[in-house]
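Hi everyone, thanks for coming along. I'd like to walk you through one model today, so please have a look at it before I start.

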Amino acid sequence: MSDRPTAPELTGPIFDDPFYAGDPFPHYARLRAAAPLVWHEDPAMATGGIWVASRYADVMAVSRDPDRFSSAKGILAFEVGVEYPTPPTMMHMDPPEHTRLRQATATGFRPSRIRALEPGVRERVDRLVGALPAGGSTDIVHGLAAPLPLMMICSLLGLPEDDWPTFLEFSDAAIPGAAPLTNERRAQLMADSERMQREHIARRRTERGEDYVTDLIEAVGNDGEPLGLTDDEIFVIVNQLFIAGNETTRNLISGGMVALAERADQWALLRDDPSLIPTAVEELLRWTTPVVAFMRTATGDTDLGGERIHAGDPVLLLYASANRDEAEFGPDADRLDVTRRPNHHVAFGFGPHVCVGAALARLEGRVVLEALTGRFATVEVAGTVDRTPSGIIAGVHRAELRFG
Ligand code: HEM
């Protein structure tokens, strides 16, 4: 036993659990009220447990300070104690190593690039929304939320977008708990995915394309000098885009639409005044918080939230809880309000790792809402809403909605 404050009934479960497929928010509220930081004991972890930060202020304090709280020892709770010979993703790096890959990645997501994508997003959204039935029940995940982000990532990378169902499987395999797969199947899919991505990178080395992989090959640093990324580095970035850019945006759209389908008044507000849509996207990001939590590790002894954190202690950043913190969002933090302003949610993280694809996710969210509110007067839940039992991704596998 340690002298750290514990509250097992509030901090568990940390990993994948049916708990996450239900309504974890009342649980988070009790956790926030209990203490800023609580130690979750877990003898299976190399560290004997993990700190859980549930309040907005502490999640921000850790996120903005990579010197005190490192990403290099893993960002997911099940990675506690893992040692990587080379970082598996850019998210697993600290400055200054991280800065190099971040510069290269951000080039393809600069505002002018994202603005230029809008007609392509709109064309795909119009096609997908046009195929949704009026009156009948339809699964919004397979009809819209899953294909759109994958189509956009394929198009960015220069891969055939009609293959999106294959890429959906690849990406599901990479996130524990995201899909019911055996370990063998998961390993096979991840190997297939890596082979396909490496073949594509090799092709672009010899055959230039108008795509993001070519951008990465030709990327220059802030000093104008070529970054000279290796194939391994490019693979790390591309692989991350597939996963980071797809599950998350999918669940913003599916979870966001379920939330609106449950609140006719909020849908009516958007129908009456489409200029509210960008504000609504921010509120749906806050409300759904597609990434439930990431982790950092203390680089030395330090204080946080009134607790003494020791070198090597892992800290779980519970974004889903921080985004409902009354201290930041006021007494109505637990109410969906598409007119909410200001709204400094932490759905995209904060600090040096803040989501590089945020502008693309916002663009997709906005165009989807514009198309749906433009076409349908009403939306309601018509059947099953099947959520993912994952402590990483707040996912929706299936959501039967009826548009009218
Ligand atoms: C609603 C959609 C999205 C959400 C909620 C989301 C969430 C996040 C969060 C919380 C982080 C911070 C990681 C950390 O601090 O360790 C992050 C980083 C990242 N995201 Fe997103 N993301 C979304 C969409 C996208 C898209 C569309 C892309 C690209 C196509 C993308 C690519 C990335 C990458 C590459 C990073 C790593 C940045 C770094 O380590 O410097 N994300 N995202």
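**A kinked helix, two sheets and an iron site**

Let's begin with a helix. In α5, the buried residues are Ile114, Leu117, Val121, Arg124, Val125, Leu128 and Val129. By buried I mean under 20% relative accessible area, with exposed being over 50% and partly exposed in between, using a 1.4 Å probe and protein chains only. Helices (H or I, at least four residues) and strands (E, at least two) are DSSP runs, numbered from the N terminus.

Before I go further, a word on what you are looking at: this is a predicted model, where local features need pLDDT of at least 70 and side-chain atom pairs count only at pLDDT 80 or more, while totals for chains, interfaces and linings use all residues. Residues are numbered from 1 along each chain as its sequence is written, and side-chain values use heavy atoms, with hydrogens and water left out.

Back to α5, then. What do its buried residues pack against? They pack against α6 (140–145), α7 (147–157) and α17; contact here means heavy atoms within 4.5 Å. Helix α5 covers residues 111–130, which is 20 residues, and spans 28 Å from first C-alpha to last, close to the 28 Å expected at 1.5 Å a residue. That expected span is 1.5 Å times one less than the number of residues. There is also a kink of about 35° at Glu118, shortly before the proline Pro119. The bend at a residue is the angle between axes fitted to the seven residues ending there and the seven starting there.

Now to the sheets. One is an open sheet of five strands with mixed pairing, in the order β1-β2-β8-β5-β3. Two strands pair if DSSP finds at least two bridges between them. β1 (37–41) and β3 (69–70) are at the edges with a single partner strand each, so one side of each has no neighbour in the sheet.

Let me stay with β5 for a moment. Five of its five residues are buried, so to speak of it as mostly covered is fair. Phe294, Arg296 and Ala298 point one way, while Met295 and Thr297 point the other. In a regular strand the side chains alternate between the two faces of the sheet. Strand β5 (residues 294–298) pairs with β3 in the antiparallel sense over two bridges, where Ser70 has Thr297 as its bridge partner. With β8, β5 pairs antiparallel over four bridges, and there Phe294 is partnered by Leu317.

Lying across β1, β2 (49–53), β3, β5 and β8 (314–317) is helix α3 (residues 56–63), running at about 125° to β8. For that angle, axes are lines fitted to C-alpha atoms, for helices over the stretch in contact, and angles run from 0 to 180 degrees between N-to-C directions.

The other sheet I want to show is open too, with three strands in the order β4-β10-β9 and antiparallel pairing. β4 (137–139) and β9 (379–387) stand at its edges, each with a single partner strand, so one side of each is left without a neighbour in the sheet. From one strand to the next, the twist averages 20°. Six bridges join β9 to β10 (residues 396–403), and one bridge pair is Glu380 with Arg402.

A few local details are worth finding on your screens. Two peptide bonds are cis: Pro95 to Pro96, with omega near 5°, and Arg341 to Pro342, with omega near -5°. Pro96 sits in the loop between β3 and α4 (97–107), and Pro342 in the loop between α16 and α17. Thr289 has a positive phi of about 35° although it is not a glycine. Thr289 is in the loop between α14 (277–288) and β5, and it counts as buried at 1% relative accessibility.

Finally, the iron. Which protein residue is the donor to the iron atom of the ligand? Cys355 is the only protein donor, through SG at 2.3 Å. Donors are N, O and S atoms within 2.8 Å of the metal (3.2 Å for Na, K and Ca), and water is not among the atoms, so sites may look incomplete. Cys355 lies in the loop between α16 (326–329) and α17 (358–375).
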